[in-house]
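Please walk through this model, from its local backbone features to its sheets and cores. A short report follows.

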Amino acid sequence: MAPWLTVVGIGEDGFTGLGKHARHALLRATKVFGSPRQLALLPHCSRAERVAWPSPFSLAPLLAERGEPVCVLASGDPMLYGVGASLARQLPAEAMRVLPAPSSYSLAAARLGWPLQDVVTLSVVARPVAAVAAHLYSGQRLLVLSNDRSSPAALAALLRERGFGPSHLSVLEHLGGADERRIDARADGWQDADFADLNLVAIDCRAGADAPRLSPLAGLPDSAFAHDGQITKRDVRAITLARLAPQPGELLWDVGAGSGSIGIEWMRAHPSCRALAIEADAGRQHLIEHNRDALGVPGLQLVRGRAPQALQGLERPHAIFIGGGVTREGVLDECWAHLRPGGRLVANAVTLQSETLLMSWRERHGGELTRIHVAQAQPLGEFDTWRQALPITLLDVVKPLDA
């Protein structure tokens, strides 16, 4: 199949900065789709009909031109947070040709002297700024595509809130064009400025004395979460997540989510991991909303309701954790029925009744039972002794592929 669609990456230097193949494709096209700003970069000699994207954005007008010689203009590299990635989900690879220009990330790395392979690239274009919090580690370098001129101030505020006030920010505008500009400042000394809507923020992360020490590995300290005592404690949480074994792109149900700690750490395991936190208590729902933003996973979806009723109509998960309500009638059966074949179910029990239920479940469905004992040294008069936490019984079972 000959490609009918050509996706052209274009920079601030406009049509003159394009290569031969990109210029020829644009001059041969019957229609060119793009934003008004991008379409204005075309030369007067272009006879193609210029079509601005509809609002709200939709690919439907473009896809209706299937088979005609059509071009799409995109900023920089179309396959990097661009329209090319959206088109790739709709069209076979042989239907389109992609001619990228240097991305804003590449240009920023070149200006700053940062090896691009050592940098985390992020975007807050139509995305929550809170997601950046998951990547804040001292010494980490971030390149963040801004949504608009307000993004630099929002990022500086986030850094201050998370204890990263000493971090150095560079705002780079109109990269690769005649109006290119760079403004440098620390997050804790940030002053509002009149930035262009087209900007990128480079962040050299530096933790302050009050910054929480958060590892990307499972087992964040309990103090990292706002909670009312209903939280899977740190050591048990790390063991539980190891059994859940998050993989990129997978969906978790955190049933009886409490503070949301399991779902939050599941999503921190990989940017594409997803989680639903099912919680009936209104106070704990607020805690989940606070924690997901504070720990950089605003995409965690809160399901307000009580299992098993609240489980109806939800997307089938790859893994399920039951941290609360395991003795409620129908919860285990409904979870098992909704779990995808090959998926993992992990349930924790503290009471004798819930432990008995897990033992009975294991007799019918198999799996492993593990008893977890955790003790901490605490003062006893002038000495120290071990204080035993309540033992946890953990059921770990994989659903057969033919189930």
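## Backbone, sheets and cores

His174 counts as partly exposed, because its relative accessibility is 21% and the buried class ends under 20%. The model is predicted. His174 sits in the loop between strand S8 (168-173) and strand S9 (181-186). Its phi is near 50 degrees, a positive value in a residue other than glycine.

Ala126 also has a positive phi, near 55 degrees. Its loop runs between strand S6 (120-123) and strand S7 (141-145). Ala126 counts as exposed, because its relative accessibility is 75% and the exposed class starts over 50%. Most residues other than glycine have a negative phi, and most peptide bonds are trans.

Two peptide bonds depart from trans. One is the cis bond between Ser55 and Pro56. The other is the cis bond from Ala307 to Pro308. The table sets these backbone features side by side.

| Site | Feature | Value | Loop |
|---|---|---|---|
| Ser55-Pro56 | cis peptide bond | omega about 0 degrees | Pro56: between S3 and helix H3 (60-63) |
| Ala307-Pro308 | cis peptide bond | omega near 10 degrees | Pro308: between strand S13 (301-304) and S14 |
| Ala126 | positive phi | near 55 degrees | between strand S6 (120-123) and strand S7 (141-145) |
| His174 | positive phi | near 50 degrees | between strand S8 (168-173) and strand S9 (181-186) |

### The five-stranded sheet

In what order do the five strands of the open sheet run? The order is S3-S2-S4-S1-S5, and the pairing is parallel. Strand S3 (49-52) and strand S5 (96-99) are the edge strands, each pairing on one side only. From one strand to the next, the twist averages 20 degrees.

Within this sheet, strand S2 (residues 31-34) and strand S4 (residues 70-75) are joined by three bridges in the parallel sense. Phe33 stands opposite Val72 in S4. Helix H1 (residues 20-28) packs on the sheet. H1 touches strand S1 (5-10), S2, S4 and S5, and its direction makes about 130 degrees with that of S5.

### The seven-stranded sheet

Another open sheet has seven strands, in the order S13-S12-S11-S14-S15-S19-S16. Its pairing is mixed. S13 and strand S16 (368-372) are at the edges with a single partner strand each, so one side of each has no neighbour in the sheet. The twist here averages 15 degrees from one strand to the next.

S12 and S13 run parallel and are joined by four bridges. Leu302 in S13 is the bridge partner of Ala277.

Helices lie across these strands. H7 covers strand S11 (251-255), S14, strand S15 (344-349), S16 and S19, and runs at about 155 degrees to S15. H10 lies across S11, S14, S15 and S19, at about 170 degrees to S14.

### Helix pair and hairpin

Helix H10 (residues 331-338) also meets helix H11 (residues 352-365). Their axes come within 12 Å and cross at roughly 40 degrees. The crossing is right-handed. H10 contributes Leu332, Asp333 and Trp336 to the contact, and H11 contributes Leu357, Leu358, Trp361, Arg364 and His365. By type, the contact residues are five nonpolar, one polar and two charged.

Strand S17 (residues 375-380) and strand S18 (residues 383-388) pair in the antiparallel sense over six bridges. Pro379 stands opposite Asp384 in S18. Two residues lie between the strands of this hairpin, and Gly381 takes a positive phi near 65 degrees.

### The nonpolar cores

In soluble globular proteins, nonpolar side chains tend to be buried together. Here the largest nonpolar core has 27 residues. Leu244, Leu252, Trp266 and Leu300 have the most contacts inside it. At least two residues each come from helix H7 (234-244), helix H8 (261-268), strand S12 (274-279), strand S14 (319-322) and strand S19 (392-398). H8 gives the most, with four residues.

What does Trp266 touch, leaving aside residues up to four places away in sequence? Its contacts include Leu241, Leu244, Leu251, Leu252 and Ala319. Charged residues are also among them: Glu250, Arg274 and Arg344.

A second, separate core has 25 residues, including Ala310, Leu314, Leu332 and Ala347. Leu332 is also one of the H10 residues in the contact with H11.

Terms used. Residues numbered from 1 in each chain as written. Predicted model: local features only at pLDDT ≥ 70, side-chain atom pairs only at ≥ 80, totals over all residues. Heavy atoms only, no water. Core = buried A, V, L, I, M, F, W, Y, C linked by side-chain atoms within 4.5 Å. Buried < 20%, exposed > 50% of the residue type's maximum accessible area, 1.4 Å probe, protein only. Contact = heavy atoms within 4.5 Å. Pairing = 2+ DSSP bridges. Axes fitted to C-alpha atoms, helices over the stretch in contact; angles between N-to-C directions. Left-handed = near helix turned anticlockwise from the far one by under 90°.
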